[in-house]
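Reader: I am new to this structure and would like a close look at a single part of it, followed by enough of the surroundings to place that part. Please go slowly and explain each term when it is needed.

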Amino acid sequence: MSTPSLGLGRMHSPVAPDRNLPLPAPRRAIGHSPRVPKEFVHLRYDDSVLVTDWHRTGAMNFRVTAIWPALDRGAPGRGFRSWAMQAAQMVRQTGLLLAHAEFGAPLTHAVLLRTFDFAFDVERLEAERKPTSLVLDVVCEITKSRGRSISGLRMTMSIHCAGQQVGTAATGFEWIPPGVYRRLRGVHAEAVRDQAPLPAPVPPAQVDCTADVEVVLTPTDTAGRWLLRGDFRNTALYDHPVDHVPGLVMIEAAQQAARLVTAHRTFRPSALTTVFERYVEFDSPCWIGAQPAAEGEGTTTVRVTGHQNGAKVFTTTLTDPGS
């Protein structure tokens, strides 16, 4: 049996929001510090918190407000240059916020993300040249509990900007006590703080990056195959020490690999789905492979996989609907 994943996974179809509810204005002005504690979204830096407020709209329904920052924030490795990474972080934070603030998930517990999927109107969001308010309508479903104690949720989200729907997302996850997590992780339970020397990266310009610190792939002698690399100085991906490679790194690797394997065209994915089958460890190489999976009527799909120690650890599918 494979180890349960702590990353992103299978898709669930998003649920349409209640059209009768007015879209609220955020309670804080753009650019001000959020009132959401960074601890609720498992981050070390206040300026990394994208969710700003939330309130209940039904028994299991919530509205979360968030800031969509302008891309290319700060120095290389500090902010996100990719819309998909920004979207993944926003959806991730929404799930964690509601789990802790509304469903009693203890901050000391480990969160195991089982499912994750999102799709956005990329052109609409890229047209925003400054930080923009977003509203996420979230429908929650309890998937795991013991007695009156909830320990698992599924969330579906509909995302709006200025009253227009610009995206959907879905995620399912659970949380477990520290002791259970330590037993699950065994010899890999401790966070890795000292990084071994990194191999040379793919040239940054080939993967739409500006510096080596942003590149998560190392070239190999085999076409369509790379070695995963992760630079701990990239705080957008490695916000704090962790015991395994974060799921966000897998998504970034998938994007960079998809760009390389479709170098003959401009590949702009608007939807991503990821399935994690095992933890990705720091102490052995993880090989990334990519190949176009489908093409037709302007749509291009690329499937990216990761393998470690002879076993598949994740699969990400990226879709570009074309113009």
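Author: What follows begins with the whole chain, turns to one helix pair, and then visits some individual residues.

This is a predicted model, in which local features need pLDDT of at least 70 and side-chain atom pairs count only at pLDDT 80 or more, while totals for chains, interfaces and linings use all residues. Residues are numbered from 1 along each chain as its sequence is written, and side-chain values use heavy atoms, with hydrogens and water left out.

The protein chain holds 4 helices and 12 strands, where these elements are DSSP runs (H or I of at least four residues for helices, E of at least two for strands) numbered from the N terminus. Of the 323 residues in the chain, 51% are buried; that word stands for under 20% relative accessible area, with exposed meaning over 50% and partly exposed in between, for a 1.4 Å probe and protein chains only. The chain exposes about 15000 Å², and carbon and sulfur atoms supply 50% of this area, which comes from the Shrake-Rupley method with a 1.4 Å probe. When contacts between residues at least 6 apart in sequence are considered, 67% of them join residues at least 24 apart, a contact being heavy atoms within 4.5 Å.

The part for the close look is a pair of helices. Two packed helices are described by the angle between their axes and the distance between the axes. Helix α1, residues 83–102, packs against helix α4, residues 247–261, at an angle of about 160° and with the axes 10 Å apart. The axes here are lines fitted to C-alpha atoms over the stretch in contact, and the angle, taken between N-to-C directions, runs from 0 to 180 degrees. The two helices are therefore roughly antiparallel, since angles over 145 degrees count as such, those under 35 as roughly parallel, those from 65 to 115 as roughly perpendicular, and the rest as oblique. The crossing of α1 and α4 is right-handed, meaning that the near helix is turned clockwise from the far one by less than a right angle, whereas an anticlockwise turn would be left-handed. From α1 the contact is made by A84, M85, A88 and Q89, and from α4 by L248, I251, E252 and Q255. Sorted by class, this contact has 5 nonpolar, 2 polar and 1 charged residues, where Ala, Val, Leu, Ile, Met, Phe, Trp, Tyr, Cys and Pro are nonpolar, Asp, Glu, Lys and Arg are charged, and the others, Gly among them, are polar.

Beyond this pair, another helix brings in a buried arginine. R185 is found in helix α3 and counts as buried because its relative accessibility is 5%. Leaving out residues up to four places away in sequence, R185 touches D243, H244, Y279 and E281. One of these partners, D243, is 58 residues from R185 along the sequence, yet the C-alpha atoms of the two are 8.8 Å apart.

Strand β6 offers two further buried residues. W175 is found in this strand, and at 5% relative accessibility W175 counts as buried. Apart from neighbours within four places in sequence, W175 is in contact with A99, F103, A105, P106, H109, A110, V111, I150, S151, G152 and L153. For S151, 24 residues from W175 in sequence, the C-alpha to C-alpha separation is 5.5 Å. T171 also has its place in β6 and, with 1% relative accessibility, is counted as buried. With the same exclusion of residues up to four places away, T171 touches L113, T115, F116, L153, R154, M155 and M157.

The loops give another picture. Between α3 (178–185) and β7 (217–219) lies the loop that holds A205, which counts as exposed because its relative accessibility is 70%. The C-alpha atoms of A205 and V215, 10 residues apart along the chain, are separated by 9.5 Å. P203 lies in the loop between α3 and β7 and is partly exposed, with a relative accessible area of 42%; its C-alpha atom is 9.1 Å from that of P219, 16 residues away along the chain. D208, again in the loop between α3 and β7, counts as partly exposed at 39%.

Most residues other than glycine have a negative phi. D208, however, is not a glycine and has a positive phi of about 60°. A162 likewise has a positive phi, of about 55°, without being a glycine. A162 is found in the loop between β5 (149–161) and β6 (164–176), and at 68% relative accessibility A162 counts as exposed.
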